[in-house]
Amino acid sequence: MAKKKTPEELADLEYRYTLARDARTAEQFEELSRDSNQGVRAAAAHNPNAPAPALELFAGDRFWGVRIEVANHPNATHEIIMSLLEPDPRKQGVVHHAAHKRLVADGVAPDDLPSP
């Protein structure tokens, strides 16, 4: 069972979520991409101010929730979204499907993409 967080730890976590939601600079997004909490990283990737270079950092995150935020982000370029596609059908999961759906919605011909 997980250890209960202290009030100080909870306050620190809330502060980091606030930073993720309010980030505006490349340096802030770069620092947030290294945060130990995947929820904080997902919140930063969801931030409407996240520029494409920051989203590129988040696209390489090991947690699928962060990568889905990138796939759905309006500032994500097609190149970034294409990097989320998995060519091996056995490994295609929720991130691949979200990226595929976004690219098709943006007008990319389904024949030009690996099948979901």
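Here is a quick briefing on two helix pairs and one buried arginine in this structure. Keep in mind that this is a predicted model. The two pairs are H1 with H3, whose axes come within 8 Å, and H5 with H7, whose axes lie 9 Å apart. The arginine is residue 16, which sits in helix H1.

**H1 against H3**

- Helix H1 covers residues 7–22 and helix H3 covers residues 38–46, and their axes cross at roughly 20°.
- That angle makes H1 roughly parallel to H3, because anything under 35 degrees counts as such.
- As for handedness, the H1–H3 crossing is right-handed.
- On the H1 side, the contact is made by Leu13, Arg16, Tyr17 and Ala20.
- On the H3 side, Gly39, Val40, Ala43 and Ala44 do the job.
- Sorted by class, the contact of H1 with H3 has six nonpolar residues, plus one polar and one charged.

**Arginine 16 up close**

- Arginine 16 belongs to helix H1, and it is one of the H1 residues that make the contact with H3.
- Its relative accessibility is 19%, so arginine 16 counts as buried, the cut-off being under 20%.
- The side chain of arginine 16 has a polar contact of 2.9 Å with the side chain of aspartate 12.
- A polar contact of 2.8 Å ties the arginine 16 side chain to that of aspartate 35.
- Leaving aside residues up to four places away in sequence, arginine 16 touches Leu32, Asp35, Ser36, Asn37 and Val40.
- Two of those names turn up elsewhere: Asp35 is the aspartate in the 2.8 Å polar contact, and Val40 is among the H3 residues in the H1–H3 contact.

**H5 against H7**

- Helix H5 (residues 64–72) packs with helix H7 (residues 94–105) at an angle of about 5°.
- H5 and H7 are therefore roughly parallel to each other.
- From H5, the residues in the contact are Trp64, Arg67, Ile68, Val70, Ala71 and Asn72.
- Across from them, H7 brings in Val94, Val95, Ala98, Ala99 and Arg102.
- The class split for the H5–H7 contact is eight nonpolar, one polar and two charged.

**What's buried in H5**

- Val66, Ile68, Val70 and Ala71 of H5 are buried.
- Of these, Ile68, Val70 and Ala71 also appear in the contact with H7.
- The cover over the buried H5 residues includes H3, helix H4 (52–59), helix H6 (78–82) and H7.
- H3 therefore shows up twice here: as the partner of H1, and as part of what covers the buried residues of H5.

Methods. Residues are numbered from 1 along each chain as its sequence is written. This is a predicted model: local features need pLDDT of at least 70, side-chain atom pairs count only at pLDDT 80 or more; totals for chains, interfaces and linings use all residues. Side-chain values use heavy atoms; hydrogens and water are left out. Axes are lines fitted to C-alpha atoms, for helices over the stretch in contact, and angles run from 0 to 180 degrees between N-to-C directions. Helices (H or I, at least four residues) and strands (E, at least two) are DSSP runs, numbered from the N terminus. Angles under 35 degrees count as roughly parallel, over 145 as roughly antiparallel, 65 to 115 as roughly perpendicular and the rest as oblique. A crossing is left-handed if the near helix is turned anticlockwise from the far one by less than a right angle, and right-handed if clockwise. Contact means heavy atoms within 4.5 Å. Ala, Val, Leu, Ile, Met, Phe, Trp, Tyr, Cys and Pro count as nonpolar, Asp, Glu, Lys and Arg as charged, and the others, Gly among them, as polar. Buried means under 20% relative accessible area, exposed over 50%, partly exposed in between (1.4 Å probe, protein chains only). A polar contact is a pair of N or O atoms within 3.5 Å; within protein, one must be able to donate a hydrogen and the other to accept it, and residues adjacent in sequence count only if both atoms are side-chain atoms.
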